[in-house]
Each structure stands twice: as structure tokens, then as C-alpha cells.
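Got your viewer open? Load the model, set it to cartoon, and keep the selection box handy.

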Protein chains: 2
Amino acid sequence: MHNDPIEHLISLLSRLPGLGRRSARRAVLKMLMDPAGKMLPLADALRAAADSVRPCEVCGNLDAESPCHICSDRHRDRKLVCVVEGVADLWALERAHAHRGTYHVLGGLLSALGGTGPDDLSISPLLRRIEGDGIEEVILALPATVDGATTAHYLTDRLKPTGCVVTRLAQGVPIGGALDVLDDGTLAAAFKARRPL
Amino acid sequence: MHNDPIEHLISLLSRLPGLGRRSARRAVLKMLMDPAGKMLPLADALRAAADSVRPCEVCGNLDAESPCHICSDRHRDRKLVCVVEGVADLWALERAHAHRGTYHVLGGLLSALGGTGPDDLSISPLLRRIEGDGIEEVILALPATVDGATTAHYLTDRLKPTGCVVTRLAQGVPIGGALDVLDDGTLAAAFKARRPL
């Protein structure tokens with residue numbers, strides 16, 4: 001129906017998460033109104049990111065430098081490592097300013113169904129970091145799912161011989177969350193883990 | 001928080017219609033998992049579109065060729081021209097396979113509030129096409145808004161001396177539309193324009 005370059009661009013854009021065909025079309029039309037101001041800068045930004053961004057050799061974060069800007073920040077506490085499933089979770093914790101230490105990206109979760117075993121995750125590098133860098137506390141910031149709990153359990157076992165403290169994020173009622181819309185599992189867990197005021 | 005290339009890319013992407021910051025971030029993360037397979041092709045497609053796509057000198061459609069593939073298609077009826085506000089509407093009519101003739105993109109609508117007058121729209125080129133190409137019917141596919149109606153009215157006046165038939169799209173109940181969720185204006189218009197079965 002359309003000629004090649006427009007259709008091709010729409011179809012590539014519509015494969016991005018969050019963009020359907022309809023919004024990809026709108027985005028392309030908007031960019032075509034100002035190719036020099038909107039399309040070429042985006043093309044350059046994509047190429048620059050593709051050329052420069054790679055996983056941090058220390059923690060697995062994605063950054064233009066390796067070690068990444070978090071690992072090379074002298075103000076971060078290297079004795080405190082937060083273990084996350086992926087880079088998205090790392091970025092979310094950074095946005096929340098939740099953590100003053102460094103990170104370690106596992107690259108996934110143990111999953112019997114998904115066929116992900118310990119060797120598929122960045123666990124040996126984590127153990128090497130703990131031994132080499134004198135890490136004192138490992139905070140497991142893993143999702144509160146079956147796979148997340150399995151992975152946390154496995155990591156706790158593997159980290160026991162190192163002697164460092166292993167903690168996990170608190171589970172309970174989300175801040176600003178109304179009780180009556182929460183799922184039963186969260187409510188029951190929050191009730192059980194109630195704390196004195 | 002993040003380093004330059006990632007943040008820059010997210011901020012450019014999040015300016016596209018339909019993509020907020022959150023989905024731009026997800027899209028960038030997904031692309032960074034496979035830069036060579038996802039980012040570079042998109043960068044190339046953007047550059048190719050920016051370099052090749054321009055407005056058709058005849059109708060104003062955006063295409064890699066000028067005259068565009070519709071204007072140069074010998075199977076389309078050149079005596080039948082459909083006038084649209086913009087390229088988005090042209091594409092929508094093409095997707096619906098609604099029209100077997102050619103198009104003319106006005107580039108906007110008359111708007112007293114917006115300060116858009118007849119000279120800001122592609123009206124003289126339309127008149128030249130009608131005189132030069134022996135056009136027999138002009139179909140006004142303009143939005144059913146105040147500005148759309150004003151523009152249709154003005155065009156009908158301007159086209160009268162040419163002697164060609166001027167029609168507009170039917171207005172009424174959308175196909176598949178439930179009556180009780182329709183706005184009053186549409187319902188009243190559809191009622192008034194009822195047709196015998």
C-alpha cells in the first residue's frame with residue numbers, strides 16, 4: 001500500500017514494546033513533518049547508543065562506560081551490593097534513590113519451567129565479587145514471584161559460606177495503596193509480617 | 001542518573017506521540033539487548049525515510065517518489081479526486097480501500113481561531129488540477145467538525161465555477177456503533193438524514 005521506506009519504518013517501530021501499529025504510524029507521520037529535526041537526531045541517537053552502550057564488566061548494568069558510572073562512583077558503598085534480576089529493576093531502584101551501594105545484575109531468575117539454571121545466571125561472578133571486594137551485605141531485590149523466591153532461596157544457600165549478611169526487600173502493602181484493591185496474597189503476607197509501632 | 005547516550009535516546013523517543021517516558025525506557029532497554037539486530041536497523045530505516053520521503057508534487061501525499069505511487073498508478077481514476085485535511089486521513093482511506101481515484105492533501109483546515117486562511121491551504125493547486133486534468137468529481141473527506149464544515153463550505157463555493165460535482169462523505173451512525181453511546185449531535189444528524197430501505 002505505502003512505498004517501502006515508510007512501511008518499513010512503521011513496521012520496525014511497531015515492534016517496540018508499548019507501540020502498536022497505529023501509534024507507530026502516528027509517530028512516523030509526525031516525524032516526517034520534520035525529518036531533519038526529528039528523524040535524523042533519533043537515527044543518530046540510536047546509532048550512538050548501539051555503538052557505545054555495553055554491559056558493565058563488574059555488575060552487568062548497561063552503560064556507555066565499563067565499569068559503569070555506578071561501579072566507578074567513589075561515593076557509593078562497595079560493601080553493600082544489591083542483586084537484581086535485570087537492568088530495568090536496577091534503573092527503577094536508581095530512580096527511587098533507594099540504594100547507596102552498588103548492584104549486581106543476575107540476568108534472569110531460576111526457573112524450572114523456563115529451563116533457567118544457576119549456570120545461566122551471573123552467580124559465580126557475584127561470588128567472586130563477594131570474596132574479592134570484602135562485601136558485607138547482599139540485598140536481594142528480586143520480584144515477589146515463585147521464580148523470585150526460588151532464586152532468593154538458592155542464592156541464600158550459595159552465599160552462606162561467604163559469611164556476608166543476606167537480606168531481601170520488605171514485602172507488604174504498597175505506599176499509597178488502598179487495602180480493598182490489594183490481592184489476598186499481599187494482604188495476608190503484610191498481616192503476618194506486621195510490626196510494632 | 002544514566003549516562004548520556006541512553007538518557008538522550010530515551011528523551012528523544014519519549015517525545016513521539018503515544019510513547020511516554022516509561023514506555024520509551026522499556027523500548028530502549030529491549031533494543032539494548034540486541035543493538036545490532038534492533039537499534040541499527042531502526043537507525044537505518046529512519047535515515048532512509050528522512051532522505052527519501054517528500055511530499056508528492058501533485059497531491060501532497062508523503063512518499064519516496066514524486067509523483068507518489070497513487071498519483072502514478074495508471075489503474076486509479078484520475079477524474080475522481082478525494083480532498084483530505086492531511087496525510088494521516090489519506091492513509092486511513094487507503095487502508096479502508098474506500099477510494100479508487102486520487103487524492104489532494106489540503107495541509108490543514110480553515111480556522112478563524114487558528115488563523116489559517118485559504119492561502120495557507122493547497123487550494124490553488126487543487127483548482128489548477130481540476131482545470132488541467134479534467135476532474136469530474138471532488139469528494140470532500142473532511143472531518144465533521146466546525147473547521148471541517150467551514151472548509152467544505154468554502155471549497156464548495158470556490159469549486160462551483162469549475163462545473164465539477166462536489167460531494168462529501170456521509171455522516172451518521174458508525175458501523176458497529178451502539179446507539180446509546182453515541183453523542184447527541186451524531187444521533188440527531190443520523191436521524192435527520194434517515195434513508196428509505
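Here is a walk through the chains, one selection at a time. Bear in mind throughout that this is a predicted model.

**Stop 1: the domains of chain A**

Start by colouring residues 4–51 of chain A as domain 1 and residues 77–168 as domain 2. Put a marker at the centre of each, taken over C-alpha atoms, and you'll find 36 Å between the two.

**Stop 2: helix 1 of chain A against helix 3 of chain B**

Next, select residues 4–13 of chain A, which are helix 1, together with residues 35–52 of chain B, which are helix 3. Their axes come within 9 Å and cross at roughly 150 degrees, so the two helices are roughly antiparallel to each other. The crossing of helix 1 of chain A and helix 3 of chain B is left-handed.

Now turn on side chains. From helix 1 of chain A, the contact takes in A:Pro5, A:His8, A:Leu9, A:Leu12 and A:Leu13. Facing them from helix 3 of chain B are B:Pro41, B:Leu42, B:Ala45, B:Leu46, B:Ala49 and B:Ser52. Colour this contact by class and you get nine nonpolar residues, two polar ones and no charged ones.

**Stop 3: helix 4 of chain A against helix 2 of chain B**

Stay between the chains, and pick residues 87–95 of chain A (helix 4) plus residues 21–32 of chain B (helix 2). Here the axes are 10 Å apart and the packing angle is about 140 degrees. Angles over 145 would count as roughly antiparallel, so helix 4 of chain A is oblique to helix 2 of chain B. The crossing of this pair is right-handed.

Which residues of helix 4 of chain A meet helix 2 of chain B? Show A:Val87, A:Ala88, A:Trp91 and A:Arg95, then add B:Arg25, B:Leu29 and B:Leu32 from the other side. The class count for this contact is five nonpolar, no polar and two charged.

**Stop 4: the sheet in chain B**

Hide chain A and bring up the open sheet of chain B, where four parallel strands run in the order 4-3-5-6. Strand 4 (101–105) and strand 6 (165–168) are at the edges with a single partner strand each, so one side of each has no neighbour in the sheet. Look across the sheet for the twist: neighbouring strands are turned by 25 degrees against each other on average, direction ignored.

Zoom in on strand 3 (residues 77–84) and strand 5 (residues 137–141) of chain B, a parallel pair joined by five bridges. For one position to click on, try B:Val83, whose bridge partner in strand 5 is B:Leu140.

Then add the helices that pack on this sheet. Helix 4 of chain B (residues 87–95) touches strand 3, strand 4 and strand 5, and its direction makes about 160 degrees with that of strand 4. Helix 5 of chain B (residues 124–133) also touches strand 3, strand 4 and strand 5, with a direction about 155 degrees from that of strand 4.

**Stop 5: backbone oddities**

Most residues other than glycine have a negative phi, and most peptide bonds are trans. Keep that in mind for the last few selections.

Bring chain A back and find A:Ser66 and A:Pro67, joined by a cis peptide bond with omega about 0 degrees. A:Pro67 sits in the loop between strand 2 (62–63) and strand 3 (77–84) of chain A. Over in chain B, B:Ser66 and B:Pro67 are joined by a cis peptide bond too, with omega about 0 degrees. B:Pro67 is in the loop between strand 2 and strand 3 of chain B.

Finish at A:His97, in the loop between helix 4 and strand 4 of chain A. A:His97 isn't a glycine, yet its phi is positive, about 50 degrees.

Definitions and conventions: Residues are numbered from 1 along each chain as its sequence is written. Chains are lettered from A and ligands numbered from 1 in the order in which they are written. This is a predicted model: local features need pLDDT of at least 70, side-chain atom pairs count only at pLDDT 80 or more; totals for chains, interfaces and linings use all residues. Side-chain values use heavy atoms; hydrogens and water are left out. Axes are lines fitted to C-alpha atoms, for helices over the stretch in contact, and angles run from 0 to 180 degrees between N-to-C directions. Angles under 35 degrees count as roughly parallel, over 145 as roughly antiparallel, 65 to 115 as roughly perpendicular and the rest as oblique. A crossing is left-handed if the near helix is turned anticlockwise from the far one by less than a right angle, and right-handed if clockwise. Contact means heavy atoms within 4.5 Å. Ala, Val, Leu, Ile, Met, Phe, Trp, Tyr, Cys and Pro count as nonpolar, Asp, Glu, Lys and Arg as charged, and the others, Gly among them, as polar. Domain bounds come from an automatic or database domain assignment. Two strands pair if DSSP finds at least two bridges between them.
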